[in-house]
Amino acid sequence: TKQTGYHAWLEFHPIAPGERYDQYAVHSRIVCTEKDEVIRTAVQELSQGIGKLLGKEIRVAESDAGGAVIALGTFGGGNALVDRTFGEETRSAIKPEGFAIKIDQASGSIVVGASSTSGVLYGAFHLLRLFSTKQAVNELDVIENPVNMLRMINQWDNIDGSIERGYAGKSIFFENNRITTDLTRVRDYARLLASSGLNAISINNVNVHKWESKFITGEYLPDVAKVAAVFRSFSIKLFLSVNYASPLEIGGLSTADPLDPAVREWWRAKAAEVYAAIPDFGGFLVKADSENRPGPFTYDRDHADGSNMLAEALKPYGGIVIWRCFVYNCKQDWRDRATDRARAAYDHFKPLDGRFMDNVILQVKNGPMDFQVREPVSPLIGAMETTNQMIEFQITQEYTGQQRHLCYLVPQWKEVLDFETYAKGEGSSIKRIVDGSLHGNKLSGFAAVSNIGDDVNWTGHLLAQANLYGYGRLAWNPDLSAEEIAEEWIRMTFGGDEKLVSVVMSMLMDSWSIYEAYTSPLGVGWMVNPDHHYGPNVDGYEYSKWGTYHFADCHGIGVDRTKATGTGYAAQYKGANYDTYESVESCPDELLLFFHHVPYTHVLHSGQTVIQHIYNTHFEGVERAEQLVARWASLEGSVGELVHKHVGERLAEQAGHAKEWRDMINTYFFRKSGIADALGRKIY
Ligand code: GCW
């Protein structure tokens with residue numbers, strides 16, 4: 001069964017003679033003098049990968065006997081070829097995790113050099129990517145540095161093996177209320193993460209329940225340390241989500257007040273204990289005062305008090321606190337039109353700018369609500385000039401089809417990253433904030449909720465692997481295009497059949513817009529079944545205790561978030577963004593209902609009325625989902641039979657489910673508005 005997608009983009013399809021085989025085959029010897037653990041991983045990955053590509057054994061040697069080899073090592077680490085190839089200029093251009101790859105003209109060798117062992121590993125994976133996408137290597141001269149310092153994955157895995165918002169089986173980390181003893185799969189996951197460029201992971205759910213609260217105790221720490229060791233060999237740092245109320249729940253104290261000396265002391269001792277078990281432990285990830293989780297508010301303290309207390313405890317060891325900003329009132333009454341969940345993160349955190357210790361990072365979701373198919377960019381990102389921030393994306397498709405529907409999310413993330421915030425005038429894009437350059441932050445980066453589980457192909461829907469891969473690549477370099485990333489992923493995963501590349505590419509690139517078309521319209525979001533969040537339910541959250549409202553009635557729909565007449569959320573944006581969103585004239589169609597309440601007859605920039613837009617996109621969305629089925633069917637014979645069948649089944653299910661979405665949404669709005677479809681199509 002390991003045949004269907006287990007190796008993901010590290011499949012290394014054999015290269016046929018004539019297809020650059022000869023160019024690569026001269027490099028079937030690896031020379032490496034260093035013995036460090038991460039370098040050993042690099043050598044092992046290279047020899048295995050190239051061995052599979054070329055169908056021959058790759059020899060590894062410590063010294064260079066001449067001829068064209070692949071040499072790798074750190075600068076000054078003892079590898080003569082590395083030292084000879086890279087001069088001062090190159091060396092000083094390489095940042096801590098970066099690398100250079102160059103051809104040594106005299107011997108024809110490929111030389112990978114870096115200033116750190118992790119750079120060597122990334123260089124090795126880069127070279128494997130070049131080989132497996134069949135790039136020319138005879139004139140290689142590459143310098144690569146990761147743009148973002150923290151490139152992190154968040155698992156939402158629970159000790160009982162379940163995964164919150166997981167759509168690809170059970171946890172690979174936990175089973176039967178223990179940490180998994182056979183870590184083979186964890187190791188294979190570490191490979192996937194490192195090969196896409198990631199360097200940090202938190203292994204347990206941010207909702208930290210009873211047993212998981214004890215991960216930082218002697219009961220679990222030895223096993224956590226084993227997991228950390230696996231990731232260490234791939235240069236990935238391990239973090240844990242912790243329960244804010246730990247002093248109470250596992251420490252026997254009577255309070256978790258962050259200003260209480262006994263509580264502070266408890267955390268200091270706890271940090272010492274954790275670092276004794278895992279000397280390079282990354283730090284704590286915290287969800288506090290959010291969705292019924294405990295936090296500093298209980299003690300009338302704020303989030304700076306809470307996070308600084310933990311930061312102080314971790315500081316002596318170089319640890320960091322990643323503090324989530326997903327703080328909002330989850331029980332908003334429908335009569336209360338002033339409370340606005342979208343405003344909450346900014347309202348809570350912006351006033352605290354300047355109060356956080358320098359080893360705290362605030363982790364902010366990409367949008368102000370919750371990973372909807374479309375929402376505006378969070379106005380909090382960039383709004384705190386003297387506070388470290390990182391962005392949080394969601395790879396797992398909670399609201400975007402749960403890996404039963406195809407939704408390639410890289411284009412959505414690109415839009416977010418390229419968004420101009422005007423935080424410091426023009427040139428203040430999100431990607432420049434989260435890479436730390438705009439405000440000169442000490443810590444910064446990307447986090448995202450993983451989409452993997454123990455399904456053989458990791459992600460449930462095989463094509464959803466592209467989101468995991470794409471996330472890593474974007475975290476490394478947010479300037480890569482969605483198409484470039486997709487092309488790499490397709491070629492590495494499926495091989496280089498040109499028809500296949502172009503068909504799968506077009507499917508991926510169209511998929512977000514297709515999903516958006518048949519689900520909730522014009523940025524209003526939600527309209528899913530409460531709780532599990534799969535499938536249409538227009539009024540689901542309208543009548544739920546966890547109210548999140550769209551306010552549709554017989555006259556109109558949408559949430560007035562203007563400053564003039566609404567919740568004032570639009571005023572959290574700077575400069576031109578505020579003007580654009582505040583005015584119903586200039587607000588972009590795709591976000592209209594996020595910012596404005598309008599009649600169904602309101603005419604969009606597209607020239608259509610809101611109601612006709614809803615009908616059109618829902619009818620078209622279904623047709624386009626059906627075309628996905630047909631496009632994939634045309635690839636029979638170009639991908640393995642099992643893969644062809646598996647993806648075909650998912651796409652067929654998607655097309656069927658898209659009809660359900662179409663019909664529920666269309667009939668709802670037809671009945672609410674009383675306005676018929678101008679094209680007379682069947683509405684139930
Ligand atoms: O998206 C919501 C999810 C919750 C999740 C929460 C969060 C981990 O529905 O399942 O909890 O966000 O991000 O904390």
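**Exercise 1.** How far apart do the end C-alpha atoms of residues 132-458 lie, and what percentage of the span is helix and strand?

*Solution.* Keep in mind that this is a predicted model. Start with the record: UniProt, in an unreviewed entry, lists residues 132-458 as "domain: Glycosyl hydrolase family 67 catalytic". Now go to the two ends of that stretch: their C-alpha atoms are 21 Å apart. As for its make-up, helix takes 25% of the span and strand takes 14%.

**Exercise 2.** Work out how α6 and α14 are oriented, and who makes the contact.

*Solution.* Find helix α6 at residues 184-196 and helix α14 at residues 465-476. Their axes cross at roughly 45° and come within 7 Å. Angles from 35 to 65 degrees fall in the oblique class, so α6 and α14 are oblique to each other. Next, pick out the residues: α6 brings Tyr189, Leu193 and Ser196, while α14 brings Leu468, Tyr469, Gly472 and Arg473. Sorted by class, that gives 4 nonpolar, 2 polar and 1 charged.

**Exercise 3.** Do the same for α15 and α16, adding the handedness of the crossing.

*Solution.* Helix α15 covers residues 482-494 and helix α16 covers residues 498-518. They pack at about 135°, with axes 10 Å apart. That angle makes α15 oblique to α16. The crossing is right-handed. On the α15 side, the contact residues include Trp489, Ile490 and Phe494; on the α16 side, Leu500, Val504 and Met505 are among them. The class tally for this contact is 11 nonpolar, no polar and 4 charged residues.

Technical notes: Residues are numbered from 1 along each chain as its sequence is written. This is a predicted model: local features need pLDDT of at least 70, side-chain atom pairs count only at pLDDT 80 or more; totals for chains, interfaces and linings use all residues. Side-chain values use heavy atoms; hydrogens and water are left out. Axes are lines fitted to C-alpha atoms, for helices over the stretch in contact, and angles run from 0 to 180 degrees between N-to-C directions. Helices (H or I, at least four residues) and strands (E, at least two) are DSSP runs, numbered from the N terminus. Angles under 35 degrees count as roughly parallel, over 145 as roughly antiparallel, 65 to 115 as roughly perpendicular and the rest as oblique. A crossing is left-handed if the near helix is turned anticlockwise from the far one by less than a right angle, and right-handed if clockwise. Contact means heavy atoms within 4.5 Å. Ala, Val, Leu, Ile, Met, Phe, Trp, Tyr, Cys and Pro count as nonpolar, Asp, Glu, Lys and Arg as charged, and the others, Gly among them, as polar. UniProt positions are given in the numbering used here, feature names are shortened, and annotations may be inferred rather than shown by experiment.
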